[in-house]
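The following paragraphs lead the reader through one structure, from its cysteines to its core and its overall layout. Please view the sequence and the model together.

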Amino acid sequence: KQMDVNYFGVVNVTRALMPFLQRCKNSRIINISSAAGFSGVAGMNGYCASKHALEGFSKCLRAELLNWNVHVCNINPGFMRCVLHSLKVFVT
């Protein structure tokens, strides 16, 4: 489920909106990723893998869309302690 939401969800929405983004000048795609996309964290393998995939997707998309003047960036918040960690929802 982590990949479905964090990666494939972004890919599918981006594909659906691409015709509109390419028609507008200086369009922007801003993805919310995570610092987990750059490193692995014990017990969060699915989450880290999904964010790492999003990082790779965004980098490739950025290069592919340069000629269309569509800009792609990721926002990568750091790790935060929250109730989800105690529920172990990140373990796959």
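**Cysteines, core and layout**

The count of disulfides, pairs of cysteine sulfur atoms within 2.5 Å, comes to 0. The model is a predicted one, in which local features need pLDDT of at least 70 and side-chain atom pairs count only at pLDDT 80 or more, while totals for chains, interfaces and linings use all residues. Residues are numbered from 1 along each chain as its sequence is written, and side-chain values use heavy atoms, with hydrogens and water left out.

Cys48 has a relative accessible area of 7% and is therefore buried, a term for values under 20%, with exposed meaning over 50% and partly exposed in between (1.4 Å probe, protein chains only). Cys73, at 33%, is partly exposed. Of the 92 residues of the protein, 34% are buried.

Along the sequence the protein follows the pattern α-β-α-β-α, with 3 helices and 2 strands; these are DSSP runs numbered from the N terminus (helices H or I, at least four residues; strands E, at least two).

The largest nonpolar core (buried Ala, Val, Leu, Ile, Met, Phe, Trp, Tyr and Cys residues joined through side-chain atoms within 4.5 Å) has 11 residues, including Tyr7, Ile29, Phe57, Leu61 and Val72. Helix H1 (2–23), helix H2 (45–64) and strand E2 (70–75) each supply at least two residues of this core, and the largest share, 4 residues, comes from H1. Beyond its neighbours within four places in sequence, Leu61 is in contact with Thr14, Met18, Ile29 and Val72, where contact means heavy atoms within 4.5 Å.
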